[in-house]
Structure formats: C-alpha cells, structure tokens
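Dear colleague,

I am handing over the structure that we spoke about, and it is shown just below. Please have it open while you read the notes that come after it.

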Amino acid sequence: VGMCDNAADKCLLEFAAKLFLNAVSTYAWVANGKVFGNRMIDLGLSNNKLYFRAQSIVAQVLRAQAPSPQKIESAVLRAIYGDDVDATALDALRSAAVSKHIDQAAVAKAAGVRIVPTSVLLASGLCSSVAEARERLAGSAILRDLVIEAQ
C-alpha cells in the first residue's frame, strides 16, 4: 500500500494528518474571530452547561473589569432576547427556567446572533444596546480587536 508497509507507519501517518487538520481548523477559528485568548467564544447555547459556560467566558474575558455576576447574566439574557428586555423583564427572565433561554438562544443563533461576543460588549459597557453591539460585531468580526480598541 505504498508508503505504509505496516500498521505502525499507517498509525503515524494518520496521526500526522490529524495534527495537521487540527492546526488548520484552529487557525480558521482564530482568523474568523471565534477565539479570545485560549477560549472558543462563539459557541451556541444548546444546553445548561453551555449557558453557564457563556456566562463564565464573559467573566473571564472581562476579568480586569470584574463585572458582577448579575451584570454578566443580564448581558447574556439581553444578547439572547434583544433590546426589548427592560429591567422588569430581566427580573422575570432571571427566574425563568434555563431551558427557556436555551430555546430562545437557538432562535437567536439561527438569526445570526453571536450571543457570547454580544454579551461581552454589553457587560463591558462598550455598547449600551444589543443593536449597537451587533452592529459593531458586524463591522469587526473579531471581538478581541473591539475590546483592545476600547482599552
């Protein structure tokens, strides 16, 4: 079978191919602004774990500003539900089941909303509205550039 005369050579060749493809994939994610630091930030909130991970990512990205957990949760909920959410609605949403937020996050993601990057811009104070955050992300897809630019 050509270059791979034995099973060990075949395993090494497959492993090398895997490493190469992982490197290409990682580069693509970084180049498209889907990574901040050592974290993939453009994730979909498809279950409880990812919903809470989104909040954790926002806290980690903004650790120098140290936003409160309530501010982070508000930013994530605003990113999911949009600008129609006022303070009263936020209080009601905080007590709602996480599954409701996950369902709405799927709708938002299908509409092209980048929930975690939008949440970072809202929690940091770089943007005052969801619409403004989405517009800034559309202009510069790389969140890292927007955060660094504001510092």
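What follows is a description of the core, the charged pairs, the aromatic pair, one loop residue and a surface patch.

Please keep in mind throughout that this is a predicted model.

I will begin with the interior. The largest nonpolar core has 39 residues, and those with the most contacts inside it are Leu45, Tyr51, Val58, Ile80, Ile115, Val116 and Leu143. The elements that give two or more residues to this core are the helices H2 (48–61), H3 (69–81), H4 (87–94), H5 (98–110), H6 (115–124), H7 (130–139) and H8 (143–150), and H3 gives the most, with 7 residues. As general background, nonpolar side chains tend to be buried together in soluble globular proteins. If you would like one residue to look at in the core, valine 116 is in contact with Ile41, Leu43, Leu45, Ala54, Ile57 and Val58, leaving aside its neighbours within four places in sequence.

Tyr51, which is named above among the core residues with the most contacts, also takes part in the aromatic pair, of which the structure holds 1. The ring centres of tyrosine 51 and phenylalanine 52 are 5.2 Å apart and the planes stand at 80°, so the pair is edge-to-face; an angle over 60 degrees is what places a pair in that class. Tyrosine 51 counts as buried, at 1% relative accessibility, whereas phenylalanine 52 counts as partly exposed, at 45%.

Turning to the charged side chains, the structure holds 4 salt bridges. Two of the bridges involve arginine 94, which is partly exposed with a relative accessible area of 24%. The side chain of arginine 94 meets that of glutamate 73 at 3.6 Å, N to O, and because glutamate 73 lies in helix H3 and arginine 94 in helix H4, this pair ties together parts that are 21 residues apart in sequence. Arginine 94 also forms a salt bridge with aspartate 91, the closest N and O atoms being 3.0 Å apart; these two residues are 3 residues apart in helix H4, and are therefore separated by about one helical turn. Aspartate 91 counts as partly exposed, at 49% relative accessibility.

Elsewhere, salt bridges that share partners join Lys34, Asp42 and Arg114 into one network. Within this network, the side chains of lysine 34 and aspartate 42 meet at 3.1 Å, N to O. Lysine 34 counts as partly exposed, at 24% relative accessibility, while aspartate 42, at 9%, counts as buried.

In the loop between H2 and H3 you will find leucine 62, which counts as buried at 4% relative accessibility. Not counting residues up to four places away in sequence, leucine 62 touches Pro67, Val120, Ala123 and Ser124. Leucine 62 and alanine 89, in turn, are 27 residues apart in sequence and 25 Å apart in space, C-alpha to C-alpha.

Finally, there is a surface feature to look at. Phe20, Leu21 and Val24 form a nonpolar patch there, with about 310 Å² of accessible area together. Of these residues, leucine 21 lies in helix H1 (residues 7–31) and counts as exposed, at 53% relative accessibility.

With best wishes

Conventions
Residues are numbered from 1 along each chain as its sequence is written. This is a predicted model: local features need pLDDT of at least 70, side-chain atom pairs count only at pLDDT 80 or more; totals for chains, interfaces and linings use all residues. Side-chain values use heavy atoms; hydrogens and water are left out. Patches are made of residues with over 30% relative accessible area and no salt bridge: like charges are joined within 9 Å, nonpolar side chains (Val, Leu, Ile, Met, Phe, Trp, Tyr) within 5 Å. Accessible areas come from the Shrake-Rupley method with a 1.4 Å probe; for residues, only the protein chains shown count as cover. Helices (H or I, at least four residues) and strands (E, at least two) are DSSP runs, numbered from the N terminus. Buried means under 20% relative accessible area, exposed over 50%, partly exposed in between (1.4 Å probe, protein chains only). A nonpolar core is a set of buried Ala, Val, Leu, Ile, Met, Phe, Trp, Tyr and Cys residues joined through side-chain atoms within 4.5 Å. Contact means heavy atoms within 4.5 Å. Rings of Phe, Tyr and Trp (its six-membered ring) pair if their centres lie within 6.5 Å; planes under 30 degrees apart count as stacked, over 60 as edge-to-face and the rest as tilted.
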